[in-house]
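Open the model in a viewer and keep the selection tool at hand. The stops below are given in the order in which to select them.

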Amino acid sequence: MTTNEPINEPLNPYARWFMLLWLLALVIASGFRLAKEPTYRELIEEWHQQRVESLRSENGWLNLAGLYWLKEGVNSVGTDPGNDLMFPGGKAPDQLGTFRLAKGEVSFEAAPGQVVQVDGQPVLSTKTIFAASQTKPVVLAHGSLRWFVIKRGDRYAIRLRDLESSFLKEFTGIERFPVNEAFRVKARLERPEKPRTIPILDITGQTNQQPLVGSLVFDLDGKTHRLDAVGEGSRLFILFGDETNSHDTYGSGRFLYADVPGADGLTTLDFNKSINPPCAFTPYATCPLPPKQNKLAVAIPAGEKRYGDH
């Protein structure tokens with residue numbers, strides 16, 4: 001006998017598992033779609049935490065412990081006051097070694113019996129630690145101290161770090177203005193007709209000519225403003241001052257980075273990411289100062305507030 005009623009056969013185990021996996025995939029996919037995108041404020045908070053971590057890192061600004069200018073020829077170093085360069089007491093022996101500056105190259109030789117290392121290996125003879133041909137600094141180590149050579153203009157110095165620095169131990173964070181998206185603005189980059197440089201003065205009195213990428217033109221509070229930008233890798237670097245420098249923010253100005261514009265010539269200036277220069281955290285930095293054309297006649301209550309004046 002025939003019938004038109006459907007035959008309800010049970011699903012086999014393989015089909016049942018397939019259905020379960022399919023339903024699970026739908027739930028997971030829906031969860032991803034429904035996941036909340038981070039808000040602008042949350043993105044700024046995440047960026048700020050990375051900024052704080054970079055300050056605290058071994059290569060950060062909080063552990064600087066000294067800046068020693070070299071003279072041509074021999075420069076003795078140690079904790080004894082009779083040395084040409086005196087490292088902090090209790091951190092090194094009386095005589096640690098000798099730097100030699102000769103025609104733009106710097107070498108180091110450890111004093112007899114003293115252990116100074118490079119990349120975990122002891123320096124057993126005179127070692128060149130700075131030369132024009134080197135692509136990255138040679139970092140020397142003794143105990144908690146780390147040091148290397150920097151060049152500013154035609155001068156050479158030893159930059160000293162102490163991984164146990166009091167500046168690092170005392171750091172509890174940076175006060176900031178409330179995040180305000182009104183200070184995230186579009187800017188148009190006007191490139192110079194011919195390549196040129198602009199003079200950038202630093203706190204040591206040295207002036208360096210930096211290649212000008214162009215002027216960033218943007219509107220804020222109904223007025224048009226301009227800031228000159230120099231290049232730093234694939235990003236723009238802006239030194240700027242504003243009306244908050246006299247009371248709320250670092251006296252000489254702040255730093256700001258921005259992406260290189262796309263084909264449309266536009267980029268974003270996010271003043272909520274304005275940061276203190278290294279000199280706010282240590283007396284041993286050689287900070288550049290904003291050029292006069294980058295001192296805005298408007299207050300920018302966004303980004304980091306004053307931390308210190310060294």
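Which side chain does a polar contact of 2.8 Å join to that of Arg-161? Select Arg-161 and Asn-63 together: the contact is between the side chains of these two residues. Bear in mind throughout that this is a predicted model.

**Stop 1: around Arg-161**

Arg-161 sits in strand S11, which covers residues 155-162. Now add Gly-60 to the selection; its backbone oxygen is 2.4 Å from a polar atom of the Arg-161 side chain. Arg-161 is buried but has no salt bridge. Glu-58 carries the nearest side chain of opposite charge, at 6.9 Å. That counts as no salt bridge because the cut-off for one is 4 Å between a side-chain nitrogen and a carboxyl oxygen. To fill in the surroundings, show the residues that Arg-161 contacts beyond its neighbours within four places in sequence, among them Leu-64, Ala-65, Ser-144, Leu-145 and Phe-148.

**Stop 2: salt bridges**

The structure holds 12 salt bridges. Select Glu-45 and Arg-176, whose closest N and O atoms are 3.0 Å apart. This pair links distant parts of the chain, 131 residues apart: Glu-45 belongs to helix H2 (residues 40-56), while Arg-176 is in the loop between helix H3 (166-170) and strand S12 (184-190). Glu-45 is partly exposed, at 31% relative accessible area, and Arg-176 is also partly exposed, at 24%.

Next, select Asp-84 and Lys-71, which form a salt bridge with an N to O distance of 3.3 Å. Both ends are in loops: Asp-84 between strands S2 (73-78) and S3 (85-86), Lys-71 between S1 (64-69) and S2. Relative accessibility is 43% for Asp-84 and 41% for Lys-71.

Then move to Glu-190 and Arg-188, where the salt bridge has an N to O distance of 2.8 Å. Glu-190 is partly exposed at 31%, as is Arg-188 at 40%. Finally, select Lys-91, Asp-162 and Glu-164, which are linked in a network of salt bridges.

**Stop 3: the disulfide**

Select Cys-279 and Cys-287. A disulfide joins them, with an S to S distance of 2.3 Å, and the count for the structure is 1. The link is right-handed, with 120° about the S-S bond. Cys-279 and Cys-287 are both buried.

**Stop 4: the whole chain**

Zoom out and colour by secondary structure: the chain has 3 helices and 18 strands. Of its 310 residues, 42% are buried. Among contacts with a separation of 6 or more, 57% are between residues 24 or more positions apart. With a surface shown, about 18,100 Å² is exposed, 53% of it supplied by carbon and sulfur atoms.

Terms used. Residues are numbered from 1 along each chain as its sequence is written. This is a predicted model: local features need pLDDT of at least 70, side-chain atom pairs count only at pLDDT 80 or more; totals for chains, interfaces and linings use all residues. Side-chain values use heavy atoms; hydrogens and water are left out. A disulfide is a pair of cysteine sulfur atoms within 2.5 Å. Buried means under 20% relative accessible area, exposed over 50%, partly exposed in between (1.4 Å probe, protein chains only). Helices (H or I, at least four residues) and strands (E, at least two) are DSSP runs, numbered from the N terminus. Contact means heavy atoms within 4.5 Å. Accessible areas come from the Shrake-Rupley method with a 1.4 Å probe; for residues, only the protein chains shown count as cover. Lys and Arg count as positive and Asp and Glu as negative; His and the chain ends are not counted. A polar contact is a pair of N or O atoms within 3.5 Å; within protein, one must be able to donate a hydrogen and the other to accept it, and residues adjacent in sequence count only if both atoms are side-chain atoms.
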